[in-house]
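Here is a short guide to one protein model. Look it over first, then read on for its strands, helices and one ring pair.

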Amino acid sequence: MQLLIENVSKTYPNGTQALNGLTFSVSPGEGVVILGHNGCGKSTLMKCLTGLEKPTGGSLILDGVDIQKAPRRELRALRQRIGCVFQKFNMVGNLSVLQNVLFGLMGRHGFWASYAKTASRQARYQGMEALERVGLAHLAPRRTDTLSGGQQQRVAIARMLMQDAEIVLADEPVASLDPKAGKEVMELLWSIVKERQMSVLCVLHQIDLAREYGERLIGLHSGTLSFDRATGDVSDHDIAALYEVTRQEMSDERTNTLLTTAEV
């Protein structure tokens with residue numbers, strides 16, 4: 001599935017412009033990582049792609065369909081082909097691991113098909129296969145809130161597998177994990193998307209992981225592209241410049257605050 005982002009802007013009611021004429025694409029089977037400081041527009045972009053926010057300008061095109069203009073039925077079918085893995089695992093903690101995985105079927109088949117007690121034998125078998133793929137089949141009956149953060153993110157990946165998605169949106173999937181667990185989750189996620197030839201758009205803060213797993217790196221600053229190049233063509237200077245701008249802006253903002261306070 002191809003993702004095309006064309007001249008996308010987003011301005012919030014308070015006047016904050018989170019995205020400003022953003023344009024880039026993700027080709028079928030490509031792995032793209034977005035880098036940038038807090039407030040650069042990464043999360044806003046992900047919210048627009050998942051429908052939590054609406055752009056104020058531009059187009060978001062998935063597989064040739066503008067998701068802003070698509071009829072509701074067509075849009076629902078399109079979103080069923082999008083898998084999401086976020087920093088927050090969004091588990092139902094008092095339910096079993098297998099039940100949480102089966103919830104991945106809800107978008108395509110409804111609640112009863114995704115509820116363990118009424119799900120078909122085939123659905124339960126698929127759920128166990130997904131858990132086997134992420135190494136947690138032995139924990140299928142366990143309450144999800146008894147798992148570690150890394151294990152819960154693995155459950156989230158297994159749930160995404162139940163969607164049979166073609167593109168994965170991963171918004172800081174390892175931000176809440178320790179470095180060892182984060183590396184393991186990234187290795188698992190990337191191996192799965194390569195096996196299934198999915199596209200993936202991933203937001204990361206960890207530069208080392210971005211370089212290791214991303215085929216392309218996109219740097220965002222104040223809602224605009226700072227760079228968009230093959231990973232091997234992004235230099236240490238490019239990365240340093242992306243974050244140095246932020247430090248300077250923070251310093252300027254702090255200085256302005258102190259001056260304003262002093263004037264008062």
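## A covered strand

This is a predicted model. Start with strand β9, residues 216-221. The strand is mostly covered, and 6 of its 6 residues are buried. Its side chains split two ways. R216, I218 and L220 point one way from β9. L217, G219 and H221 point the other way. Both sets are buried.

What does β9 pair with? One partner is strand β3, residues 31-35, which pairs with β9 in the parallel sense over 4 bridges. Within that pairing, I34 has I218 of β9 as its bridge partner. Another partner is strand β10, residues 224-230, joined to β9 in the antiparallel sense over 6 bridges. Here I218 stands opposite D228 in β10.

β9 and β10 also form a hairpin, with 2 residues between them. In the turn, S222 has a positive phi of about 50°.

## The sheet around it

Now step back to the sheet. It is open, has 6 strands and shows mixed pairing. The order is β6-β7-β8-β3-β9-β10. Which strands stand at the edges? They are β6 (82-86) and β10. Each has a single partner strand, so one side of each is left without a neighbour in the sheet. On average, neighbouring strands are turned by 15° against each other, direction ignored.

At the β6 edge, the neighbour is strand β7, residues 167-171. The two run parallel and are joined by 5 bridges. G83 stands opposite V168 in β7. Helix α7 packs on the sheet here, touching β6 and β7. The direction of α7 makes about 175° with that of β6.

## Two packed helices

Helix α7 covers residues 149-162, and helix α8 covers residues 179-195. Two packed helices are described by the angle between their axes and the distance between the axes. For α7 and α8, the angle is about 10° and the axes are 10 Å apart. The two helices are therefore roughly parallel to each other.

Which residues make the contact? From α7 come G150, Q153, R154, I157, M160 and L161. From α8 come A181, E184, V185, L188, L189 and I192. By class, the contact has 8 nonpolar, 2 polar and 2 charged residues.

## One aromatic pair

How many aromatic pairs does a search of the whole structure find? The search finds 1. The pair is formed by W190 and Y213. Their rings lie 5.9 Å apart, centre to centre. The planes make an angle of 55°, and the pair is tilted.

W190 lies in helix α8, and Y213 lies in helix α9, residues 207-213. The pair therefore ties together parts that are 23 residues apart in sequence. Are these two residues buried or exposed? W190 is buried, with a relative accessible area of 5%. Y213 also counts as buried, at 8% relative accessibility.

## Helix α1 and its end

Helix α1 spans residues 42-50. Which of its residues are buried? They include K42, T44 and L45. M46, C48 and L49 are buried too. Just after α1 comes G51, which takes a positive phi of about 90°.

## Recap

Two elements link these sections. α7 touches β6 and β7 of the sheet, and α7 also packs with α8. α8 in turn holds W190, a member of the aromatic pair with Y213 of α9. On the sheet, I218 of β9 is the bridge partner of I34 and stands opposite D228 in β10.

Definitions and conventions:
Residues are numbered from 1 along each chain as its sequence is written. This is a predicted model: local features need pLDDT of at least 70, side-chain atom pairs count only at pLDDT 80 or more; totals for chains, interfaces and linings use all residues. Side-chain values use heavy atoms; hydrogens and water are left out. Axes are lines fitted to C-alpha atoms, for helices over the stretch in contact, and angles run from 0 to 180 degrees between N-to-C directions. Angles under 35 degrees count as roughly parallel, over 145 as roughly antiparallel, 65 to 115 as roughly perpendicular and the rest as oblique. Contact means heavy atoms within 4.5 Å. Ala, Val, Leu, Ile, Met, Phe, Trp, Tyr, Cys and Pro count as nonpolar, Asp, Glu, Lys and Arg as charged, and the others, Gly among them, as polar. Buried means under 20% relative accessible area, exposed over 50%, partly exposed in between (1.4 Å probe, protein chains only). Two strands pair if DSSP finds at least two bridges between them. Rings of Phe, Tyr and Trp (its six-membered ring) pair if their centres lie within 6.5 Å; planes under 30 degrees apart count as stacked, over 60 as edge-to-face and the rest as tilted.
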